[in-house]
Amino acid sequence: TPGDYAELEGDKSYPKGLKLFTQYVLIPLATVYFLILYAYMAKILFTQQWPQGWVSWLTSSASVLGLVTFLLLYPVKDLEENRWINLYSRGFCAAAIPLLLMLFTAVFKRTAQYGLTEHRYFLVALAVWLLGIFLYFIFSRKPNIKLVPVSLALVAVLISFGPWGAYSVSLSSQLGRLERTLQKSGLLVNG
């Protein structure tokens, strides 16, 4: 019956197809994606040339893919035959941190050049959230996946409204950039 929560909580069944898809498709895909991003990061560090905006989106999407993969396997991670999931998850979270630092650097470079836009604001908010979640999963002895949707909802609400919201901050940044450009060109004098 729907009211029998104890029985529902005790149900440990897991769809075999979902486990196979996650284990044999999503994990290799996320791993290959990260290896490509590490090669890309090595190229950037070697050439000292930052691409135009792709690094941030590639890194954030790869991190989200890895997080979704981890969350899909979370219900079966404590079974004896799945002990490797904990090791893989911690390793994936640790491997994501240098890539997120590369993302922060790329966004900082573009923001210094062109100002803060809504897209960059959302990207930084996502990266900060991902960094926090990954650190939580690395250092917590018994991580609770309920923190993921709760914290994401909290971040979404915080960045949506008020003077610290994405639209207010980006409007202020772009207006400030426009004023500086007009002043440098001599088109705006004393306001």
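**Figure 1. Phe 122, a partly exposed aromatic residue, and its ring partner Tyr 167.** In this predicted model, Phe 122 is partly exposed, its relative accessible area being 31%. Tyr 167 likewise counts as partly exposed, at 49% relative accessibility, a value that falls short of the exposed class because that class requires over 50%. A search of the whole structure finds 8 aromatic pairs. The rings of Phe 122 and Tyr 167 have their centres 5.9 Å apart and their planes at 75°, so the pair is edge-to-face, given that planes over 60 degrees apart are assigned to that class. Phe 122 belongs to helix H5 (residues 118-139) and Tyr 167 to helix H7 (residues 166-184), so the pair ties together parts that are 45 residues apart in sequence.

**Figure 2. The aromatic pair formed by Phe 70 and Tyr 74.** Among the 8 aromatic pairs found in the whole structure, the one shown here brings together Phe 70 and Tyr 74, whose ring centres are 5.8 Å apart and whose planes stand at 80°, so the pair is edge-to-face. Both residues, Phe 70 and Tyr 74, are buried, which means that each has under 20% relative accessible area.

**Figure 3. An aromatic cluster of four named residues, Phe 34, Tyr 88, Phe 92 and Phe 134.** Three phenylalanines, Phe 34, Phe 92 and Phe 134, are joined by Tyr 88 in one aromatic cluster.

**Figure 4. The helical chain as the setting for the close-up views.** The secondary structure of the protein chain comes to 7 helices and 0 strands, and the pattern read along the sequence is accordingly α-α-α-α-α-α-α. The radius of gyration of the protein chain is 21 Å, well over the 16 Å that the globule rule gives for 191 residues, so the chain is more spread out than a compact globule. Taken along the principal axes, the box filled by the C-alpha atoms is roughly 70 × 45 × 30 Å. Of contacts between residues at least 6 apart in sequence, 75% join residues at least 24 apart.

**Figure 5. Surface, burial and charge in the protein chain.** Of the 191 residues, 34% count as buried, while the accessible surface of the protein chain comes to about 12,100 Å², with 69% of that area belonging to carbon and sulfur atoms. The protein chain carries 16 positive and 9 negative charges, and the mean positions of these two groups are 17 Å apart.

Notes
Residues numbered from 1 in each chain as written. Predicted model: local features only at pLDDT ≥ 70, side-chain atom pairs only at ≥ 80, totals over all residues. Heavy atoms only, no water. Helix = DSSP H or I, 4+ residues; strand = E, 2+ residues; numbered from the N terminus. Rg over C-alpha atoms; globule rule 2.2 N^0.38 Å. Buried < 20%, exposed > 50% of the residue type's maximum accessible area, 1.4 Å probe, protein only. Contact = heavy atoms within 4.5 Å. Areas by Shrake-Rupley, 256 points an atom, 1.4 Å probe, with all protein chains shown as cover. Lys, Arg positive; Asp, Glu negative; His and termini not counted. Charge placed at Lys NZ, Arg CZ, Asp CG, Glu CD. Phe/Tyr/Trp six-rings, centres within 6.5 Å; stacked < 30°, edge-to-face > 60°.
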